[in-house]
Amino acid sequence: MTTGTNQPRVKLGCIADDFTGATDLANNLVRAGMRVVQTIGVPSEPMHEPVDAVVVALKSRTIAPSDAVAQSLQALRWLQAQGVQQVYFKVCSTFDSTPQGNIGPVTDALMQALGLPFTVATPAFPDNKRTVFKGYLFAGDVLLNESGMQNHPLTPMTDPNLVRVMQAQTRQRVGLIDHTVVAQGPDAIRQRMAALQADGVGVAIVDAISNDDLLRLGPAIADLPLVVAGSGVAIGLPANFGIEPSSQAAELPPVRGLKAIVSGSCSAATNAQVLHFIQSGRPALAIDPLRIAAGMDVCAEALAWAEPHLASGPVLVYSTAEPRDVKAIQGRLGVEEAGAMVERTIAGIARGLVARGVQQLVVAGGETSGACVQALGIERMRIGGQIDPGVPWCHAPVDPALKAEGGVHITLKSGNFGTTDFFTKAFQTLAP
Ligand code: ADP
């Protein structure tokens, strides 16, 4: 007999420091067999769906450390109220941070709130070519500080040694569990964790150069209430809860409604995807940022164009342009204003499309995705099957004013993800 106390509880609670990183983590957990919901910010309501993991997506990577700490603690309290057994602080696989944080300060705050003397940290994600060896982070075949990340506008990473990077931003002593230990398996890792802790180390960076290393790490950290990691470590955790990969984890509600794609990404992969879609003969409309700047109602124009095409298959509305054209517009309007203006327009078009019956929506562009999710009033998404690495279909309830009975299926593709035929392939993978 079931009683109230047998209610399904969330097993793994994740706090992600950015939006597309949250989806990446959720995708890995689903592939390892967990049923996952991603929330946009900290929810105001308890989780009613029977899921194994919740990923709370924050935008805390580059905000002031005190704000990042406050938001992360708020997320922690909400996750604790859902009964989570383990907390996963998801950081970037290139360990993006400034000398002040926010990985260190947030880790310190979460450890303090949970009363923990020790945790592990590793951004290793071999599937994505991020490996850690002797504490040094490699991106592809080069060290982090030679990978281009040394020039990142917000979080330049000039030191590839993660023990030093972490030590510069945490109050705890930082140590290393190196590959010779990881290669020996879970028992050796556990022994090393105990020895480091006895030595006064509070955070241990962990080497991992393959998925096998992450699968050896998984059981060793089963009893740690907190782990700090990129999305790679997720592949080894579901088994600790007795969960195995299964297609059921990715099941979403039945597909319905019309199909559309909106793209505000100008990355090379998206440009090729837009071109491929146009060449397939499907209807596509380019929107012109200069017309938006001139005060024309580009959103209404695009919706009027799309309406007669929608019944016969997916349509594409895109602002995608070659780098030279983007630079020219940015030169006239300023980079920020040009970006924000295009994002607002595309988000308005996405909303208008859903109001016109679109319930299968592909969005291209990381920032563009954030704007669209907000415009659609999406607060949480169930994570489904993967279309391409790092890009799953999701299902979400939307703003009731849109009258999208049964919610929308939506996929949020960040710029350089996906194969050239992504826009057509996405709908094929969703078809019943
Ligand atoms: P990606 O994931 O490829 O980086 P984003 O959506 O994160 O894509 O970022 C693309 C940015 O470029 C957004 O701010 C978008 O509004 C802006 N943008 C899109 N098209 C144009 C264009 N034609 N001219 C200028 N800016 C544009």
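**Exercise 1. Start with T368: find which helix holds T368, and work out whether T368 is buried or exposed.**

Step 1. Locate the residue. T368 sits in helix α13, which covers residues 366-375. Keep in mind that you're looking at a predicted model.

Step 2. Check the accessibility. The relative accessible area of T368 is 4%. The cut-off for buried is under 20%, so T368 is buried.

Step 3. List the neighbours. Leaving out residues up to four places away in sequence, T368 touches G264, S265, E343, I346 and V363.

**Exercise 2. Which residues does V206 touch, leaving aside those up to four places away in sequence?**

Step 1. Place V206 first: look in strand β10, residues 201-206.

Step 2. Look at its exposure. V206 has 0% relative accessibility, so it counts as buried.

Step 3. Now the contacts. With residues up to four places away in sequence set aside, V206 touches V120, A121, T122, V132, I177, V182 and L217.

Step 4. Try a distance too. From V206 to A124 you go 82 residues along the sequence, yet their C-alpha atoms are 8.3 Å apart in space.

**Exercise 3. Describe how β3 pairs with β1 and with β2, then explain why β3 is largely enclosed.**

Step 1. Take β1 (residues 12-16): its pairing with β3 is parallel and runs over five bridges. To get the register, find C14, which stands opposite V55 in β3.

Step 2. Take β2 (residues 36-40): this strand also pairs with β3 in the parallel sense, over five bridges. Here T39 has V56 of β3 as its bridge partner.

Step 3. Recall a general point: side chains in a regular strand alternate between the two faces of the sheet.

Step 4. Apply that to β3. On one side you'll find A53, V55 and A57, on the other V54 and V56, and all are buried, so both faces are covered.

Step 5. Wrap up. Strand β3 spans residues 53-57, and five of the five are buried, so the rest of the structure largely encloses this strand.

**Exercise 4. In the open sheet of three strands, what is the strand order, and which strands stand at the edges?**

Step 1. Read off the order: β6-β7-β8, with antiparallel pairing.

Step 2. Find the edges. β6 (130-133) and β8 (142-143) each have a single partner strand, so each has one side without a neighbour in the sheet.

Step 3. Zoom in on one pair. β6 and β7 (residues 136-139) share four bridges in the antiparallel sense, and T131 stands opposite F138 in β7.

**Exercise 5. Work out how α2 and α3 pack, and say which classes of residue make up the contact.**

Step 1. Get the geometry. α2 (residues 65-81) and α3 (residues 103-114) pack at about 35°, and their axes are 9 Å apart. The crossing is right-handed.

Step 2. Pick out the residues. α2 brings P65, A68, V69, S72, L73, L76 and Q80, which meet P105, V106, A109, L110, A113 and L114 in α3.

Step 3. Sort them by class: 11 are nonpolar, two are polar and none is charged.

**Exercise 6. Where do the two domains begin and end, and how many residues of each are in contact?**

Step 1. The domain assignment puts domain 1 at 12-247 and domain 2 at 252-430.

Step 2. Their C-alpha centres are 31 Å apart.

Step 3. At the contact, 17 residues of domain 1 meet 16 residues of domain 2.

Technical notes. Residues numbered from 1 in each chain as written. Predicted model: local features only at pLDDT ≥ 70, side-chain atom pairs only at ≥ 80, totals over all residues. Heavy atoms only, no water. Axes fitted to C-alpha atoms, helices over the stretch in contact; angles between N-to-C directions. Helix = DSSP H or I, 4+ residues; strand = E, 2+ residues; numbered from the N terminus. Left-handed = near helix turned anticlockwise from the far one by under 90°. Contact = heavy atoms within 4.5 Å. Nonpolar A, V, L, I, M, F, W, Y, C, P; charged D, E, K, R; others polar. Buried < 20%, exposed > 50% of the residue type's maximum accessible area, 1.4 Å probe, protein only. Pairing = 2+ DSSP bridges. Domains from an automatic or database assignment.
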